[in-house]
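Q: Hey, can we go through the charged pairs in this one? I'm new to this, so plain words please.
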Amino acid sequence: LPLLLEATLLRLASGSHHPFYNGFYYNHIMNDKGNGQDKVVYFNGAKLVVETPKDPVYSSNGANVTLPCRYRYEPDLEAKRKIRIKWSKLRDDYTKEQDVLVAIGKTYMAFGDFRGRAHLHQAGRREASLVVSDVRLQDDGRYRCEVIDGLEDESDVVDLRLQGLVFPYQPPHGQYRLNFHEAERACQEQGAILATFHQLFQAWSEGLDWCNAGWLADGTVQYPIRLPRKPCGGLHLAPGIRSYGPRHRHLHRFDAFCFSSALKGEVFYLDRPDGMTLEEAKQSCQDKGAEIARVGQLYSAWKFLGLDRCDAGWLADGSVRYPIARPRANCGPAEPGVRSFGFPSKGRFGVFCYKER
């Protein structure tokens, strides 16, 4: 990019965006004629309107997705204009927005994790849609499409939701041992990320009931209850998401709610007649050109691929679990789910392996 244009793009990306209707400041002038009615005068003689879908856009891990955004003028302007476009991602904890992409004309620059994965789709007239390739778990969230025409600046927001699932996670050393940052790492080590409140609420609406409190991505601690009971907030409370609110991210300790999406590969089961230790299980997966599966990968294979195996197997964190899609006798409770034997210090089991396609 020419140095001047690159500097302009960087300034555009780093500029703050007012959380309220910023058009009052420079989109138009209010002329009070003293009759109680204000006349709006736009600098370009037309009102700039930005539109995105009201319904969420759904995608999955590893896919490509387009976030639609279009703009227009009221009344319409026929003249060609050099429009500036900025896409940013809104953070769950309401801190500064994350820059995704800025563009002037056909020249654009993507930032951070979106570099090399984001570009504009401008096939139609006055289109400012964002294309994100190789979607990642962290891409789930709300995006702002901002269009700048001279002194006019308007925006709208679109939701990107990944098709996935939430699972509770406790580390090997027991319940309520993770501060916020340790919970983040624990989910990442299991092929997942900390869940958002929206993701936890969706999981609750689909039947998740869990009485242990866990960290969410915004630093709050919550837990989903479908069947009210005494140890879980009391019998008098209605079903719903119980919340402890924001907690101290270093001092307070809880479990974690992790979010995982569809897999790029497959999970399969290996066994020996006399079972395997954890180290033997890891080696068996490597011998098959795979790696021992993580907890998030097992949950994803169960949820999205219908993995059903009534045999316990090692996972990468040292836990022993098995997935049941079709409940039956001698395979645990009557509901589908991933069963857990905890973290046995010794014992011989099969193993679940994961291999990229």
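Q: Is Asp 76 buried, exposed or partly exposed?
A: Asp 76 counts as partly exposed, at 41% relative accessibility. Buried means under 20% relative accessible area, exposed means over 50%, and partly exposed is in between (1.4 Å probe, protein chains only).
A: Before we go on, this is a predicted model, where local features need pLDDT of at least 70, side-chain atom pairs count only at pLDDT 80 or more, and totals for chains, interfaces and linings use all residues. Residues are numbered from 1 along each chain as its sequence is written, and side-chain values use heavy atoms, with hydrogens and water left out.

Q: Ok, so which side chain meets Asp 76 in a salt bridge?
A: That's Arg 126, at 2.4 Å from N to O. A salt bridge here is a side-chain nitrogen of Lys or Arg within 4 Å of a carboxyl oxygen of Asp or Glu.

Q: Where do the two sit in the chain?
A: They are 50 residues apart: Arg 126 is in the loop between strand 10 (118-121) and strand 11 (129-132), and Asp 76 is in the loop between strand 6 (70-74) and strand 7 (84-90). Strands are DSSP runs of E, at least two residues, numbered from the N terminus.

Q: And is Arg 126 buried or exposed?
A: Buried, with a relative accessible area of 12%.

Q: New topic: what about Asp 99 and Lys 86?
A: Their side chains form a salt bridge too, 3.7 Å from N to O. Asp 99 is in strand 8 (residues 98-104) and Lys 86 in strand 7, so the pair ties together parts 13 residues apart in sequence.

Q: How many salt bridges are there by this rule?
A: The count comes to 21.

Terms used. Helices (H or I, at least four residues) and strands (E, at least two) are DSSP runs, numbered from the N terminus.
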